Amino acid sequence: MFKEFISKVLQHDNVAIFSHLRPDGDCLGSQVALALWVKNNGVEVSAYNEDAIPENMTWLLNSVSIKKPRPADLENYDAFILVDGNALHRFGGVAEQILKTDKPVYMIDHHPDPDDIFEAPVSVVSASSTCELIYHLYAEHDVDQIDAEAAKAMYLGMVTDTGSFQFDSVKPATMHAAADLLERGRFTPNLIAEKIYSSRPLRQLKLLSQALDTITLHENGVFASITITQEMFRLTDTSSEDTEGFVQYPLSVEGVKACILFREDDNGRIKLSLRSQSDDIDVNKWARNFNGGGHQKAAGAHYEGTLADAIKDVIAVGAEQL
Ligand code: 5GP
Ligand code: MN
């Protein structure tokens with residue numbers, strides 16, 4: 001599957017890799033591991049993201065630095081690679097200008113419905129994570145090129161995109177890949193778990209406690225919602241980055257098949273995060289009603305309007321799938 005991608009990418013002299021806006025463990029892990037692969041195979045590489053790197057993942061930057069792109073930077077490269085997203089707008093304003101350069105744009109990703117603009121696309125919706133795909137890229141080319149830094153980066157993305165290997169996207173092959181990364185990188189699962197999950201500031205837990213209080217059931221307990229307001233951010237001295245992982249809590253309520261996190265952002269919009277744990281409820285379709293998207297079981301979108309209207313409209317659209 002990677003043959004064409006590998007041979008084409010390695011013919012360039014200088015490539016830039018972009019990860020998606022509001023970066024997470026999977027896009028950053030993919031970006032770092034892929035940048036190391038490109039560099040190890042003799043191609044100059046730079047890595048870009050328009051947004052800040054979450055504090056619990058800044059250790060990734062020890063092996064690859066990730067810069068904020070400027071429009072003029074695009075001139076320096078022969079080609080571009082997008083990881084963990086399949087639509088240019090997920091990568092920000094500078095990335096959206098890539099097409100105008102007429103240079104090849106590659107993509108490695110696991111979201112449904114990719115744009116058709118990509119060169120030798122690697123698009124595998126069944127993959128647990130983009131990092132699992134990057135592992136297979138190494139495996140098809142030369143698996144011995146996986147060093148400790150690349151192994152940790154890929155393992156990070158696999159852990160974070162699978163809810164610590166709990167989601168049904170996890171297959172035996174996912175575990176084989178993760179085990180191989182642990183062996184090659186000579187680290188234990190606990191090392192990454194501690195970096196990611198045991199470094200929460202207290203204020204984030206205070207915010208969580210306020211948010212948990214808002215969990216509400218809808219449609220006879222089939223849906224649950226959780227709400228985070230600007231006032232909660234103010235009271236706890238937190239911001240939108242501190243809500244990572246909150247969406248799993250309403251999903252853990254007995255009987256709930258799907259949930260929505262509603263977050264008031266400082267730009268006046270409501271950020272929606274949708275999760276399903278039922279084959280009957282497709283949150284990708286659900287989010288597309290609000291110009292968003294994602295996967296069948298995890299998707300996101302933005303809503304223009306008040307929180308109360310968002311809750312009413314989003315639940316009503318979801319109820320049509322029942
Ligand atoms: P989250 O709820 O964690 O922000 O995102 C869950 C999934 O939905 C991610 O895989 C992400 O790619 C996708 N997603 C989140 N927000 C958006 C959005 O605004 N538009 C689209 N197309 N996908 C989104
Ligand atoms: Mn991902």
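## A ligand, a sheet and two packed helices

In this structure, a polar atom in the side chain of Ser273 sits 2.6 Å from an oxygen atom of ligand 1. The model you are looking at is predicted, so treat each value below as computed from that model. Let's start at ligand 1, move on to the sheet that supplies part of its shell, and finish with a pair of helices, α4 and α5.

**Around ligand 1**

- Which residues come closest to ligand 1? Among the 14 residues that surround the ligand, the closest are His111, Lys271, Ser273, Arg275 and Gly293.
- Ser273 has company: the side chain of Arg275 places an N or O atom 2.8 Å from an oxygen atom of ligand 1.
- For His295, the distance from a side-chain N or O atom to an oxygen atom of the ligand is 3.3 Å.
- On its own, ligand 1 has 490 Å² of accessible area, and the protein covers 77% of it.
- Three elements each give two or more residues to the shell: β10 (269-276), β11 (293-294) and β12 (298-304).
- Of the elements, β12 gives the most, with 5 residues.
- Sorted by class, the shell holds 8 polar, 3 nonpolar and 3 charged residues.

**The sheet**

- How are the strands ordered? The open sheet has 6 strands with mixed pairing, and the order runs β7-β8-β9-β10-β12-β11.
- At the edges you will find β7 (216-218) and β11, each of which pairs on one side only.
- The partner of β11 is β12: the two pair in the antiparallel sense over 2 bridges.
- In this pairing, Gly293 stands opposite Gly300 of β12, and Gly293 is also one of the closest residues to ligand 1.
- Helix α12 (residues 307-319) packs on the sheet and touches β7, β8 (223-228), β9 (258-264), β10 and β12.
- The direction of α12 makes about 160 degrees with that of β9.

**Two helices side by side**

- At what angle do α4 and α5 pack? Helix α4 (residues 130-142) and helix α5 (residues 148-161) meet at about 145 degrees, and their axes are 8 Å apart.
- On the α4 side, the contact is made by Cys131, Glu132, Ile134, Tyr135 and Tyr138.
- Facing them from α5 are Ala150, Ala153, Met154, Gly157 and Met158.
- What classes do these residues fall into? The contact has 8 nonpolar residues, 1 polar and 1 charged.

Technical notes
Residues numbered from 1 in each chain as written. Chains lettered and ligands numbered in written order. Predicted model: local features only at pLDDT ≥ 70, side-chain atom pairs only at ≥ 80, totals over all residues. Heavy atoms only, no water. Near = heavy atom within 4 Å. Polar contact = N/O pair within 3.5 Å; in protein donor to acceptor, adjacent residues only side chain to side chain. Areas by Shrake-Rupley, 256 points an atom, 1.4 Å probe, with all protein chains shown as cover. Helix = DSSP H or I, 4+ residues; strand = E, 2+ residues; numbered from the N terminus. Nonpolar A, V, L, I, M, F, W, Y, C, P; charged D, E, K, R; others polar. Pairing = 2+ DSSP bridges. Contact = heavy atoms within 4.5 Å. Axes fitted to C-alpha atoms, helices over the stretch in contact; angles between N-to-C directions.
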